[in-house]
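Let's take a walk through this model together. Have the sequence and the 3D view open side by side as you read.

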Amino acid sequence: MLNKIKIFFEDFVLKMYNKLFSSKYVIKGKCKKCGKCCRNILFSTKDGYVKSEDVFKKMQKKYRYYRNFRISGVIKDKMEFQNGALTFECKFISKNNKCLIYPIRPIFCRDYPNINSDLIYNGVEMLDDCGFYFDVDKKFSSYLK
Ligand code: SF4
Ligand code: SF4
């Protein structure tokens, strides 16, 4: 029991130290309005990324919200946990990459790409050719000064 408390405490101190003193990722750049992020959406359940049409159909039956999306492709040759994941396209993206419901688009569309450092450490990355990119707020060289 004492050992568990010690591990918990060490873990907590390490997390706090990292939060306060380690460098953080920041998002830089600007949107090129290519529409890729509206056509390459991943959904996940408690079992991981959605990889089957049947699972997606069940999600659509249960939650109306998922009826706004259709399958656009499948991920290949990525990390094991992503390989085979289906990608989805929003039905509100026009052929010329305009959002047809722009004034009332959902909150996560408004926030995109509001991604925190923890997600980046877990392997989240921007789509190829996206105008946004991740950078660190504190360069390695500044630690050496
Ligand atoms: S993928 Fe990036 S550049 Fe393209 S529309 Fe989305 S945010 Fe903008
Ligand atoms: S609602 Fe608009 S911004 Fe959001 S995914 Fe659909 S087309 Fe893109």
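What follows goes from the overall layout to the core, then to the ligand shells and a few backbone details.

First, some housekeeping: this is a predicted model, so local features need pLDDT of at least 70 and side-chain atom pairs count only at pLDDT 80 or more, while totals for chains, interfaces and linings use all residues. Residues are numbered from 1 along each chain as its sequence is written, and chains are lettered from A and ligands numbered from 1 in the order in which they are written.

The chain has 6 helices and 6 strands; here helices (H or I, at least four residues) and strands (E, at least two) are DSSP runs, numbered from the N terminus. Going along the sequence, they come in the pattern α-β-α-β-β-α-β-β-α-α-β-α. Just 4% of the 145 residues count as buried, meaning that 20 or more other C-beta atoms lie within 10 Å of the residue's own; exposed means 12 or fewer, partly exposed is in between, and C-beta atoms are placed from the backbone. Among contacts (C-beta atoms, placed from the backbone, within 7 Å) between residues at least 6 apart in sequence, 56% join residues at least 24 apart.

Start with helix α1, residues 2–21. The expected span of a helix is 1.5 Å times one less than its number of residues, so the 20 residues of α1 should span 28 Å, and the end C-alpha atoms are indeed 28 Å apart. This helix is hardly covered, with 0 buried residues among its 20.

So where is the largest nonpolar core? It is made up of C38, V50, F69, L86, F88 and C90, where a nonpolar core is a set of buried Ala, Val, Leu, Ile, Met, Phe, Trp, Tyr and Cys residues joined through C-beta atoms within 7 Å. Strand β5 (residues 86–90) supplies the largest share of this core, 3 residues. Side chains alternate along β5: L86, F88 and C90 point to one face and are buried, while T87 and E89 point to the other and are not. β5 pairs with β4 (residues 69–74) in the antiparallel sense over 5 bridges, where pairing takes at least two DSSP bridges between the strands. Look across from F88 in β5 and you'll find I71. Another core member, V50, is in contact with residues including F43, V55, F56 and L86, leaving aside neighbours within four places in sequence.

Now for the ligands. Around ligand 2 sit C38, C90, F92, I93, C99, I101, R105, P106 and C109, each with its C-beta atom, placed from the backbone, within 6 Å. That shell divides into 8 nonpolar, no polar and 1 charged; Ala, Val, Leu, Ile, Met, Phe, Trp, Tyr, Cys and Pro count as nonpolar, Asp, Glu, Lys and Arg as charged, and the others, Gly among them, as polar. The shell of ligand 1 includes C31, C34, C37 and C130, and it divides into 6 nonpolar, 2 polar and 3 charged.

Finally, some backbone details. K33, which also belongs to the ligand 1 shell, has a positive phi near 60° although it isn't glycine. K33 is found in the loop between β1 (25–29) and α2 (36–39), and K33 is exposed because it has 11 other C-beta atoms within 10 Å. D129 has a positive phi too, near 70°, and lies in the loop between α5 and β6 (132–136). The peptide bond from Y112 to P113 is cis, with omega near 0°.

Technical notes: Contact = placed C-beta atoms within 7 Å.
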